[in-house]
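User: I would like to go through the labels used for this model. Please give the reasoning behind each one.

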Amino acid sequence: MGRKFEVRKVSMAKTAGAKTKVYSKYGKEIYVVAKNGGTDPQANLSLRRLIEKAKKDQVPSHVIEKAIDKAAGGAGEDYVPARYEGFGPGGCMVIVDCLTDNNNRTITDVRNCFTKTSSKLGVEGTVGHMFDHQAVFAFAGDDEDAILEILMEADVDVTEVESEEGVITVYAPHTEFNSTRTALTDAMPDIQFDAEEITFIPQTESEVSGDDVATFDKFMDMLEDCDDVQHVYHNAVVNRD
């Protein structure tokens with residue numbers, strides 16, 4: 001992909017109130033994954049991956065356990081995924097993934113974020129075709145050939161392996177997440193991942209500069225404040241000079 005992987009997501013919240021929102025988003029996602037796939041992380045690989053990610057983002061154990069217990073009880077809300085696509089400030093492309101128990105509320109909240117920042121909410125497929133749904137792993141290293149050999153021997157379908165500034169980044173189809181992770185950890189038991197996630201990688205980048213920078217920041221903050229929004233992906237490269 002010709003560039004170092006950049007995680008395009010809302011940065012970890014620093015205030016107590018914002019952290020609560022982060023914990024709430026993880027709690028909802030863990031609940032849905034556990035309810036749909038089972039509450040045993042050893043049997044539900046998606047749940048195990050999500051728990052590991054939550055712990056890396058410093059989500060307290062009691063938040064994780066409460067969500068799993070709620071799923072095990074069989075009661076609670078019925079959340080469904082919803083995805084919205086459009087163009088943000090400066091013309092950047094945006095994908096917004098939500099979990100909702102009220103579609104009318106969610107679309108209203110997301111539409112307001114677009115409308116109040118002079119952005120344009122499109123229909124499904126508006127920009128999605130310009131992103132690749134990928135599993136991404138980043139870790140310390142500089143020998144991409146050795147990593148590629150490990151993955152090929154494990155019969156993993158790899159999109160790309162690149163090395164830049166002492167960091168190896170592996171890209172693979174999102175369906176290859178577990179097989180890629182297993183191959184890497186089996187070959188290198190002490191490996192520490194700087195990033196391990198399924199995400200949307202933009203095929204092109206869009207520079208956001210000038211007056212659009214403040215509007216872009218407002219847009220992202222508004223989306224972060226929406227209770228139903230789980231993940232935001234975009235192709236913006238913000239020029240703050």
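Analyst: The questions below take a residue, a pocket and a sheet in turn; the model is a predicted one.

User: Why is Tyr26 called buried?

Analyst: Its relative accessible area is 9%. Buried means under 20%, so Tyr26 qualifies. Tyr26 belongs to helix α1, residues 16-37.

User: What makes Leu50 a contact of Tyr26?

Analyst: Contact means heavy atoms within 4.5 Å. Leu50 meets that cut-off with Tyr26, and so do Lys53, Ala54, Asp57 and Val59. Neighbours within four places in sequence are left aside there. As for Ala67, its C-alpha atom is 8.8 Å from that of Tyr26, with their positions 41 residues apart along the chain.

User: Which residues are closest to the centre of the largest pocket?

Analyst: The pocket holds about 570 Å³ of space. Of its 23 lining residues, Glu29, Arg49, Asp97, His231 and Tyr233 are closest to the centre. Elements that each supply at least two lining residues include α1, α2 (45-56) and β7 (193-202). The lining divides into 11 nonpolar, 6 polar and 6 charged residues.

User: How do you know that β2 and β9 pair?

Analyst: Pairing takes at least two bridges. β2 and β9 are joined by 5, so they pair, and they run antiparallel. Cys98 stands opposite Val229 in β9.

User: What makes β3 and β9 edge strands?

Analyst: Each pairs on one side only. The open sheet has 4 strands in the order β3-β1-β2-β9. Helix α4, residues 103-115, packs on the sheet and touches β1, β2, β3 and β9. The direction of α4 makes about 20 degrees with that of β1.

Terms used:
Residues are numbered from 1 along each chain as its sequence is written. This is a predicted model: local features need pLDDT of at least 70, side-chain atom pairs count only at pLDDT 80 or more; totals for chains, interfaces and linings use all residues. Side-chain values use heavy atoms; hydrogens and water are left out. Buried means under 20% relative accessible area, exposed over 50%, partly exposed in between (1.4 Å probe, protein chains only). On a 1 Å grid over the protein atoms alone, a cavity is a set of points where a 1.4 Å probe fits but cannot get out, and a pocket is an open set with protein on both sides within 12 Å along at least five of seven lines; lining residues have an atom within 4 Å of a point. Grid points are joined across faces, edges and corners, and a volume is the space filled by probe spheres set on the points. Ala, Val, Leu, Ile, Met, Phe, Trp, Tyr, Cys and Pro count as nonpolar, Asp, Glu, Lys and Arg as charged, and the others, Gly among them, as polar. Axes are lines fitted to C-alpha atoms, for helices over the stretch in contact, and angles run from 0 to 180 degrees between N-to-C directions.
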